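Visitor: I've got a model to go through with you. Can we start with a single residue and work outwards?

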Amino acid sequence: MRQISKLTRVAVGVASVALAATACGGTSTDSGNETKPKEDLGLAIAYDIGGKGDQSFNDAAYAGLEKAEGEFGYKTADIEPTEGETDADKEQRLASLAKQGYNPVIGVGFAYGPAMEAVAKKYPKTTFGIVDSVVEGGNVASLVFAEEQASYLAGVAAAKATKSNTVGFIGGVDIPLIHKFEAGYKQGVEDTSDGKVKVVSQYLTQTAEEGGFSSPDKGKAAAEGQIEKKADVVYQAAGLSGQGVIEAAANAKVWAIGVDSDQYQQEALAGYKDYILTSALKDVGGAVYALSKSVEDGKPLTGTQVFDLKVNGVGLAESNPKFAEIAGLQDAVNKAKEEIIAGTIKVDTE
């Protein structure tokens, strides 16, 4: 069994790094992986569905790239996915980055699993990273998160904020990863309300190819349906589709709970920020930066790296001033966080 290590605190404040600058791609060479590239090339990331600009998962990864680029002064690359792409397309993308000399090369999202397993074997001198999945390989770091813990805290907040005793959960795609978000949220709601608050759940699609993570219109329609059922707090784990959830909540003047990044702080969502109660944070940017730093320091991380509440790898945003104004909310969240870290509360993952 591979040893699972837990990182110490990484990249404090990475999620707030500005997202406006454009990363600079490196120059291709024909040198392959066995000789040094002509330029000093560093971190490269390949985005998940939704791409840069999702104000969530992918943008958090880009924040980590920006931090590494600024600190280490090397060239970076960030590559968008294509619609309807195959594992072979992903494999070609990762191989191209490794061949050019980028190191590390990170696939943002579990969908890169099969491609990374194949490519990592072909480029043993390159360190690879994958977010939200575990890939075996001596030169691969699997960057995984305790999403259920942050979601539990979101559930605590929702239970304290609701007035209708009905809250909602919207998942982008019906897959085990998103089940972790739902499970933690439901448990947090139930524990805090003694079962008095109802959770209405919905998944936008069965597969990512159907647009569950990339369709704000689907998210908006789903949220409107839940709000009609009296949900006055709606938590979304839906990538780009979550923007539609937040818009619908703001239009109805009910609470939305964001995901991955502190969505209250996102410029593209500024028009809705008064209705973003909090966000379940997932420090993807911190993980991206941590792997980059390990390579820069000559001690590349490998194996499974777990980011949880104990190492501030996940958490709950408190940026909205109204978060502190709701009676009992902050105290309840703080107490739950302490008990999860202590092991008193065991959070469900499914």
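Guide: Sure. Glu85 counts as buried, at 13% relative accessibility. Buried means under 20% relative accessible area, exposed over 50%, and partly exposed in between (1.4 Å probe, protein chains only).

Visitor: What sort of model is this, and how is it numbered?

Guide: This is a predicted model, where local features need pLDDT of at least 70, side-chain atom pairs count only at pLDDT 80 or more, and totals for chains, interfaces and linings use all residues. Residues are numbered from 1 along each chain as its sequence is written, and side-chain values use heavy atoms, with hydrogens and water left out.

Visitor: Back to Glu85. Where is its place?

Guide: Glu85 sits in the loop between E3 and H2. Those labels are DSSP runs, numbered from the N terminus: helices are H or I with at least four residues, strands are E with at least two.

Visitor: What does the side chain of Glu85 reach at 2.9 Å?

Guide: The backbone nitrogen of Thr82. Glu85 and Arg93 also join their side chains in a polar contact of 2.5 Å. A polar contact is a pair of N or O atoms within 3.5 Å; within protein, one must be able to donate a hydrogen and the other to accept it, and residues adjacent in sequence count only if both atoms are side-chain atoms.

Visitor: Which residues does Glu85 touch, not counting those up to four places away in sequence?

Guide: Lys90, Arg93 and Tyr112. Contact here means heavy atoms within 4.5 Å.

Visitor: New topic. How many salt bridges?

Guide: The count comes to 12. The rule is a side-chain nitrogen of Lys or Arg within 4 Å of a carboxyl oxygen of Asp or Glu.

Visitor: Show me one between helices.

Guide: Take Lys122 and Glu91, with their closest N and O atoms 3.1 Å apart. Lys122 lies in helix H3 (residues 113-122) and Glu91 in helix H2 (residues 87-100), so this pair ties together parts that are 31 residues apart in sequence.

Visitor: Is Lys122 buried or exposed?

Guide: Lys122 is exposed, at 54% relative accessibility. Glu91 is partly exposed, at 23%.

Visitor: And one within a helix?

Guide: Lys335 and Glu339 form a salt bridge at 2.7 Å, N to O. Both lie in helix H9 (residues 329-342), 4 residues apart, about one turn of the helix.

Visitor: Which residues do shared partners join into one network?

Guide: Asp132, Glu147, Glu148, Lys180 and Lys282.

Visitor: Now the inside. What about nonpolar cores?

Guide: The largest nonpolar core has 66 residues. By definition, a core is a set of buried Ala, Val, Leu, Ile, Met, Phe, Trp, Tyr and Cys residues joined through side-chain atoms within 4.5 Å. Ile45, Ile178, Tyr185 and Tyr235 have the most contacts inside the largest one. Helix H4 (residues 147-161) gives the largest share of this core, 9 residues. A second, separate core of 20 residues includes Ala77, Ala98, Met116 and Phe128.

Visitor: What is Tyr235 in contact with, beyond its neighbours within four places?

Guide: Its partners include Ser151, Phe169, Phe181, Tyr185 and Ile257.

Visitor: Last one. Where does pLDDT stay under 50?

Guide: Over residues 1-38. pLDDT is the predictor's confidence in each residue, from 0 to 100. The protein chain averages 89, and 89% of the residues score at least 70. Where pLDDT is low, the predicted coordinates should not be read in detail.
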